[in-house]
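Hi everyone, thanks for making time for this. I'd like to walk you through a structure that's new to most of you, so have a look at it first.

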Amino acid sequence: MQPIKLVDVYRSENLESSHFGHVAVVNSEGELLYSVGDPHRVTYARSSVKPLQAIPIVETGAADQYEMTDQELSLCCASHSGESQHTDRVLSMLKRVGVEVSSLQCGTHIPHAHDTYKNLISSGKDLTPLYNNCSGKHAGMLITAIHHHETLEDYYLPTHPVQQRIIQVISEVTDYPMEKIKTGVDGCGVPVHALPLERLAYGFARMAHPHSLGSKRAEAVKRITAAMIKHPEMVGGTGRFCTQLMRTAKGRLLGKAGAEAVYLIGDKETGMGIAIKIEDGNGRAVYPAVLETLRQLGMMSQDQLHHLQHHYRPALKNARNEHVGELVPSFTLQKCKSTIVNKK
């Protein structure tokens, strides 16, 4: 199936561009309920599956052994802004297990928080892996390796037990064979996993309603999702979409963005999971598509959408900061009831 137009870009009153993509909506019983475009498109999940990647931190007992707080668990699922609320906690986690920032193998990039970057420059401090948006995830990986007395210098490689545990969890939660999961190298150096969109949606449906995962895993999932919802500021940061979405939803929704315009959502009320991919990878279109999907599914009220209007119909602005256009969602979910998993 071909991608379908999801978001139009208007300059003044004229259509200038369009972003095409795909949507899959699946319930926790493994039924594909709605779609747009190709719900089976094999897609690199990127950072959107960080909540699944965090499951071994809890399941192995590492989180309890090192007395990880809810804020820290949320941070392990984050693509954070590099604000002090993030970097201070990552540093605290590393100190608790006795390793240095240099043990983080996520590389460096300019932090999302401009004030943080300005302060680093003005103070003459170096840009370290601590400010990488994935440093919380990597700290969690290091903690599980330390808990199991595994090597630390290569924890990011696909053959390491840390990464083997992660791919096994992803396979089990999405009910998708491990041998079919395609892998690449993510922006932070660890393996990135590609699965059909409907399986990613199913994974988040089960994160929202984990009753079918077994008691131990269900408890781990509940702990992780509760931490994210209670502390959404750890998942993104000031002004970030993931943070504002979960805060506005008041405990109902679990949401996580991934690079190249991927977004996954779990609805704790209905047990539905949603996976969205913008075909051209342009992140400006993904948030309008997310919010329009939630509107059509009745998962957000008009008041909530109004609160998130700057993400729902974001303005185009020129170099003079003048409003010269906007992005507008332009699709309708299609009903399509089919089963994607084998019933045991």
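Before we start, one term: when I say two residues meet or touch, I mean that they have heavy atoms within 4.5 Å. And keep in mind that this is a predicted model.

Okay, let's begin with two helices. Which residues of helix 7 meet helix 8? They're Met-141, Thr-144 and Ala-145, and on the helix 8 side we find Val-162, Gln-163, Arg-165 and Ile-166. Sort the residues of that contact by type and you get four nonpolar, two polar and one charged.

Now for the geometry. In general, a pair of packed helices is described by the angle between their axes and the distance between those axes. Here, helix 7 and helix 8 pack at about 110 degrees, and their axes are 9 Å apart. An angle from 65 to 115 degrees counts as roughly perpendicular, so that's what helix 7 is to helix 8. The crossing of helix 7 and helix 8 is right-handed.

Let's zoom in on Thr-144, which sits in helix 7, residues 135–147. Is Thr-144 buried or exposed? Its relative accessibility is 3%, so Thr-144 counts as buried. If we skip the neighbours within four places in sequence, the contacts of Thr-144 include Pro-56, Ile-57, Thr-60, Ala-62 and Glu-150, along with Val-162 and Arg-165.

On to the sheet. It's an open one with three strands in the order 4-6-5, and the pairing is antiparallel. Strand 4, at 42–44, and strand 5, at 182–185, are the edges, each pairing on one side only. From one strand to the next, the twist averages 30 degrees.

Look at strand 4 with strand 6, residues 191–196: they pair in the antiparallel sense over three bridges. In one of these, Val-42 has Pro-196 in strand 6 as its bridge partner. Helix 8, residues 161–174, packs on this sheet, touching strand 5 and strand 6, and its direction makes about 15 degrees with that of strand 6. Helix 9, residues 197–208, packs on the sheet too, touching strand 4 and strand 6, with its direction at about 105 degrees to that of strand 6.

Last stop: Thr-332, in the loop between strand 11 (323–329) and strand 12 (334–339). At 53% relative accessibility, Thr-332 counts as exposed. Not counting residues up to four places away in sequence, Thr-332 touches Val-36 and Gln-296. And Asp-38, 294 residues from Thr-332 in sequence, is 14 Å from Thr-332 in space, C-alpha to C-alpha.

That's my tour, thanks!

Notes
Residues numbered from 1 in each chain as written. Predicted model: local features only at pLDDT ≥ 70, side-chain atom pairs only at ≥ 80, totals over all residues. Heavy atoms only, no water. Pairing = 2+ DSSP bridges. Helix = DSSP H or I, 4+ residues; strand = E, 2+ residues; numbered from the N terminus. Axes fitted to C-alpha atoms, helices over the stretch in contact; angles between N-to-C directions. Buried < 20%, exposed > 50% of the residue type's maximum accessible area, 1.4 Å probe, protein only. Parallel < 35°, antiparallel > 145°, perpendicular 65-115°, else oblique. Left-handed = near helix turned anticlockwise from the far one by under 90°. Nonpolar A, V, L, I, M, F, W, Y, C, P; charged D, E, K, R; others polar.
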